[in-house]
Amino acid sequence: MTSAENRCSFCGKPAVARLTGPERRLCAAHFIEDAEARVFAAMKDECMVAPGDRVAVGLSGGKDSTALLLLLHPILPTLGATLVAVTVDEGIAGYREETLKAAEALTAELGVEHVIVTFADLFGKDLDRLLVGREAQGCTVCGVLRRRALAEGVKRVGATKLATGHNLDDEAQSVLMNVLRGDLPRLRQDTSTGQPGHFVPRIKPLAVLSEKEIVTYLLLRGYFRDLPECPYAGTALRSEVRTMLAGLEHRHPGTMLRIIRFRDGVRRSARSVEPVKALSTCRRCGELTSGEVCQVCRLLERDGT
Ligand code: SF4
């Protein structure tokens, strides 16, 4: 028996989730509808795509990017844009093989063009080999190289926007990590505008949904898969911040949203007082960088690749 308080606020069916802001209880169908409507509204409000855009989803095959592809698949045609998918294979044994298979199966099912870019092809070695002796820096090295590999994939598919699966939790964690590292430039950095001729603008349509909501959405749509965790994930500061933030959100609902609003306020005030910093091109590879040599070349040089 479902108590009266545990029924959908719209149709009275058994509720599967309780959401705040505004307070509502939702059945499976209304939860799916609500999540899709919030993503659609965020995309429209923030003008994330324009008619004629070719949007590449960075598809790892994990839960966030799977939800992103499922959500954008029906939304993009209504906005006059098309959808493609780019997967980066870093070469992480025991982890990437399964998520790659999931990405291939999903794009085949939805009929979405899919390109795979590998670290081995691009940088001469896979991540496991690049990290020998410096495993604790896994996510730092991977993050720099992944960004370059994704940019390469975007070029190959001729996309005009890159959509990433960052959710509300990821965004709030990034803000806190930048604060903990004292990294003000990164806190202010906004990648949503891109750099003409170099980086395509990045969009984050899932930033309005929490990780819990994404898992619920996938479960309800029958796409949830229990995939392995990246073996390097536990070494990151992010995992400590994730645990702390999850506790805060549980005790003080709305914490993550307030952190995002704080970041947006910092960015707005930074934009009003500072000119955009000019970037130059790396003297080794010709990619855009703020110094003489880009981070990718510095990392690979250290590795002797
Ligand atoms: Fe790369 Fe870290 Fe993500 Fe693993 S958890 S794929 S090492 S960024």
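Modeller: Let's start with a definition: a salt bridge is a side-chain nitrogen of Lys or Arg within 4 Å of a carboxyl oxygen of Asp or Glu. Keep in mind that this is a predicted model.

Biologist: Thanks! What makes Lys63 and Glu211 a salt bridge?

Modeller: Their side chains meet at 3.7 Å, N to O, and the limit is 4 Å, so the pair qualifies. Lys63 belongs to helix H2 and Glu211 to helix H9 (residues 211-221), so the contact ties together parts that are 148 residues apart in sequence.

Biologist: Why is Lys63 called partly exposed?

Modeller: Its relative accessible area is 29%. Partly exposed covers what lies between the buried class, under 20%, and the exposed class, over 50%, so Lys63 falls in the middle class. Glu211, with 22%, is partly exposed too.

Biologist: How do you know that Arg146 and Glu90 form a salt bridge?

Modeller: The N to O distance is 2.4 Å, and the cut-off is 4 Å, so they count as a salt bridge. Arg146 sits in helix H6 (residues 138-157) and Glu90 in the loop between strand E4 (82-89) and helix H3 (96-110), so this pair ties together parts 56 residues apart in sequence.

Biologist: Is Glu90 buried or exposed, and why?

Modeller: Buried, because its relative accessible area is 2% and the class takes in values under 20%. Arg146, by contrast, has 25% and is partly exposed. Glu90 is also one of the residues around the ligand, along with Ile92, Cys139, Cys142, Cys230, Tyr232 and Ala233.

Biologist: What makes the shell around the ligand 6 nonpolar and 1 charged?

Modeller: Glu counts as charged, while Ile, Cys, Tyr and Ala count as nonpolar. Therefore the shell comes out as 6 nonpolar, no polar and 1 charged residues.

Biologist: Which salt bridge joins two residues of helix H6, and how are they separated?

Modeller: Glu152 and Arg156 meet at 3.1 Å, N to O. They are 4 residues apart in helix H6, so about one helical turn separates them. Arg156 has 46% relative accessibility, under the exposed class, which is over 50%, so it counts as partly exposed.

Biologist: Last one: why is Leu72 called buried?

Modeller: Its relative accessible area is 0%, and buried means under 20%, so the label fits. Leu72 lies in helix H2 (residues 63-78). Its contacts, leaving aside residues up to four places away in sequence, include Met43, Val55, Leu83 and Pro205.

How values were computed
Residues are numbered from 1 along each chain as its sequence is written. This is a predicted model: local features need pLDDT of at least 70, side-chain atom pairs count only at pLDDT 80 or more; totals for chains, interfaces and linings use all residues. Side-chain values use heavy atoms; hydrogens and water are left out. A residue is near a molecule or strand if one of its heavy atoms lies within 4 Å of it. Buried means under 20% relative accessible area, exposed over 50%, partly exposed in between (1.4 Å probe, protein chains only). Contact means heavy atoms within 4.5 Å.
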